[in-house]
Structures are given as C-alpha cells and as structure tokens.
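Trainee: I am new to this structure and should be grateful for a close look at a single part of it. Please choose one pair of neighbouring elements as the starting point, and then lead me outward to whatever surrounds them.

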Amino acid sequence: MAVKLFEPYTVKNVTFPNRIVMSPMCMYSCFEEDGKPGDFHFTHYTSRAVGKVGLIILEATGVLPEGRISDRDLGIWSDAHIEGLAKLVSAIKQYGAKAGIQLAHAGRKARVKNGDIFAPSPLRFSDEYKLPKEMTRDDIRRTVKAFKDAAERAKKSGFDVIEIHAAHGYLINQFLSPLTNQRKDAYGGTSENRCRLLFEIIGEVKTVWDGPLFVRISASDHHAGGLVADDYVEIAKQLKKLGVDLIDVSSGGVVPDAQFRVYPGYQVPFAEKIKREADIPVGAVGLITSPLQAEEILQNGRADLIFLGRELLRNPYWPYHAAKELGHPLEAPEQYRRGWI
C-alpha cells in the first residue's frame, strides 16, 4: 500500500509535495513593532522547508495594527510588508515547500499596548485583557477591506495559499459564536447574521485571490450555549459554496473557561465529521505526533492534510523520520544527502 502521507496533494493550480502542513503558530518574534519578518523567521520557517514539510503556513499575520495578538506579531497591513514577506516566501520555496499565510485579526484577544481594540460586542476576554470597543458598521467595512488588501499583498509576496483565521476566539470566531456576539443588527442574533462578517471577507478576498483558500475554524466552543460541531457542518457547507477549498479544523479558544480533554488526535473527529457531512476537504490537527497516527488518519479518509504544530517545533525534520518509519524514500536536500542515506 502506498504511503499516503507522502502523496502529492493538489488544490487548484498548486501541488504540495506531500500531505504534511506546518500549522500557523504565533512566534511573537518581530524585534520592532512594525510587523516585518526578521532573522528568526528566516531560520524558523526555512528549516522546516529543508526538513521537507510540504506546506508551511506562516503564523497569524495581522491585517490591521490593532488586530495583532501582540505588538511583536507579523503584519500585512501595509505595502511596506511585501518586500520582507516576499524574501521569506522565496527562502521557503527554494527547498520545494509551498508557502501559505494566515490572515488574522485578534479582536478582543489583541494585546497591543497602544490604542483601542475592537470586537463584535464590548466584552472582555478576561480581566487581563482590555475592554474592546463594539465595532461600528464603518469598523466592519474597514476590517473587510483590510482582509482584501492583505490578500492582494499576499499575492504580490508570492504566497501559494491563503488561510483566513476564523478560529481560536479571534475576531471572526467572536462574530460566529453567540457567546461573544450580542449584537442586534445584521451582524448578530441569527446564525446567518453571525456568519455575515466571515462570508463578506471571503467574498472580498476572492475578488483579488484565485489561488487555494483555506479557512481555520474552531469546530466547538466547548461551552454551554456555544457552537458545536453540527453548527460548523452547516457553516462549512456554505463555505464550500463560497469557493473555500479546505477547512482547517481546530476547536476552542472563544471563552477562557471552556472545558475539554486534550489527548493525541483529540481534534480529528471534528475534521472527520465536517469532511463527511459537509463534503469538503479538511486538515486534521490536535497533538498528532507519530507517523503511524498521521498515516492512519489519511488512509481511513478522516482528513486530507495533516497539520503539525508542536511536533514541528520539537523536530524540524519530522518528515525525514516519518519517511524512515513508514518505509518511504524521501529525496534529501543536496547539502544533507550524506546524512539522509
């Protein structure tokens, strides 16, 4: 039986060399507050490309300065970011990996030092966070445009994939969940209204971006009165109609007192459910650490891509070790060939 983890995977006009994806993970490593990549980013991301990860998705990258999770996040709110991001993309691609970027707005979970932060409703995430201002219609229009402009900059920077961050309690997730969205206008109340911001962002992004488009979701709020996987099946069906190519399925993060158990593969059933019931490709996440575990998920049709986070922080060369364990020949980077025999 062929090793599925190392089969190429094609989305639109982009083919990933294998099914291994580096999950977006915040690094908080911009040395200035300008959101530009520095030496750390080139070392961090390029080393995973050398290690033969098929798709590398950059950390949550702020579409607006006030939408960063921290002052040291990457940014894409200005044309001044294009040059540095383009160099980083080039460094990743020279080793055969594809490059993606996660476009994000933190909403009430922004921890920037200066200025106001914004959310669908004026509710703090916790006492340690600022009180957000409730977004006006003008604020919403500005944010939708910021995602569109960011997508255009991502295209100019040479990215292969865009992922819209609608998970983990950040702005779009805050609009989606009734736990955080108490609005009475067209962006709150009903499920349709709570989805409006996400759908508008996708619509605008697609006017400037025709490449692979992913959306990361939190498939359960893990809290009474919040959204559950069945709700996200319906949202995923709508995302498919809007032209989204793949759902990156995580969960949690919208409220601080969510209750759930964490164990290897704990998120995979959410991905499996959405893939089966919404009939859309999905990525599986959630303490996936072993090659056999990853291969089982793919062989049994539970997901289409394997997103690795912490395991790739521990081991940039996880694909090499996975190929050895699964008995798959993996072409080495020329410089490392002597050690990869």
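Mentor: Two strands count as paired if DSSP finds at least two bridges between them. With that in mind, please note that the model is predicted. Let us begin with strand β5, residues 98–104, and strand β8, residues 161–166, which are joined in the parallel sense over 4 bridges. One position may be followed by eye: Ile-101 has Ile-162 in β8 as its bridge partner.

This pair belongs to a closed barrel of 8 strands, whose order is β3-β4-β5-β8-β9-β10-β11-β12 and whose pairing is parallel. From one strand to the next, the twist averages 30°. The record offers a name for the region: UniProt, in an unreviewed entry, assigns residues 4–326 to the feature "domain: NADH:flavin oxidoreductase/NADH oxidase N-terminal". That span is 35% helix and 16% strand, and its end C-alpha atoms lie 10 Å apart.

Next, consider what covers the strands. Helix α6, residues 196–205, lies across β8 and β9 (213–218), and its direction is at about 165° to that of β8. In the loop between β8 and α4 (171–176) one finds His-168. The phi of His-168 is positive, at about 60°, although this residue is not a glycine. Such a value deserves a second look, because most residues other than glycine have a negative phi.

Further along the barrel, helix α8 (residues 268–278) has Val-268, Phe-270, Ala-271, Lys-273, Ile-274 and Ala-278 as its buried residues. These pack against β9, α7 (229–241), β10 (246–250), β11 and α9. After α8 comes Asp-279, again with a positive phi, near 55°. Another positive phi, of about 55°, belongs to Leu-287, which is not a glycine either. Leu-287 sits in the loop between β11 (282–284) and α9, and its relative accessible area of 27% makes it partly exposed.

Let us now turn to the nonpolar interior. The largest nonpolar core has 85 residues, and Leu-5, Ile-164 and Ile-274 have the most contacts inside it. Helix α3, residues 137–157, gives the most to this core, namely 7 residues. A second, separate core has 13 residues, among them Tyr-9, Val-11, Val-21 and Phe-307. Ile-164, in the stretch numbered 161–166, brings us back to β8, while Ile-274 is one of the buried residues of α8.

Leu-5 leads elsewhere. Leaving out residues up to four places away in sequence, its contacts include Ala-294, Glu-295, Leu-298, Trp-318, Ala-322 and Leu-326. Several of these residues also appear where two helices meet: Pro-291, Leu-292, Ala-294 and Glu-295 in α9 face Trp-318, Ala-322, Glu-325 and Leu-326 in α11. Helix α9 (residues 291–299) and helix α11 (residues 318–326) pack at an angle of about 75°, and their axes are 9 Å apart. The two helices are therefore roughly perpendicular.

Leu-326, in helix α11, completes the tour. Is this residue buried or exposed? Leu-326 is buried, because its relative accessible area is 17%, and buried means under 20%. Beyond its neighbours within four places in sequence, Leu-326 touches Val-3, Leu-5, Phe-6, Pro-291, Leu-292 and Glu-295. By contrast, Cys-195 is 131 residues from Leu-326 in sequence and 42 Å from it in space, C-alpha to C-alpha.

Key:
Residues are numbered from 1 along each chain as its sequence is written. This is a predicted model: local features need pLDDT of at least 70, side-chain atom pairs count only at pLDDT 80 or more; totals for chains, interfaces and linings use all residues. Side-chain values use heavy atoms; hydrogens and water are left out. UniProt positions are given in the numbering used here, feature names are shortened, and annotations may be inferred rather than shown by experiment. Axes are lines fitted to C-alpha atoms, for helices over the stretch in contact, and angles run from 0 to 180 degrees between N-to-C directions. Contact means heavy atoms within 4.5 Å. A nonpolar core is a set of buried Ala, Val, Leu, Ile, Met, Phe, Trp, Tyr and Cys residues joined through side-chain atoms within 4.5 Å. Buried means under 20% relative accessible area, exposed over 50%, partly exposed in between (1.4 Å probe, protein chains only). Angles under 35 degrees count as roughly parallel, over 145 as roughly antiparallel, 65 to 115 as roughly perpendicular and the rest as oblique.
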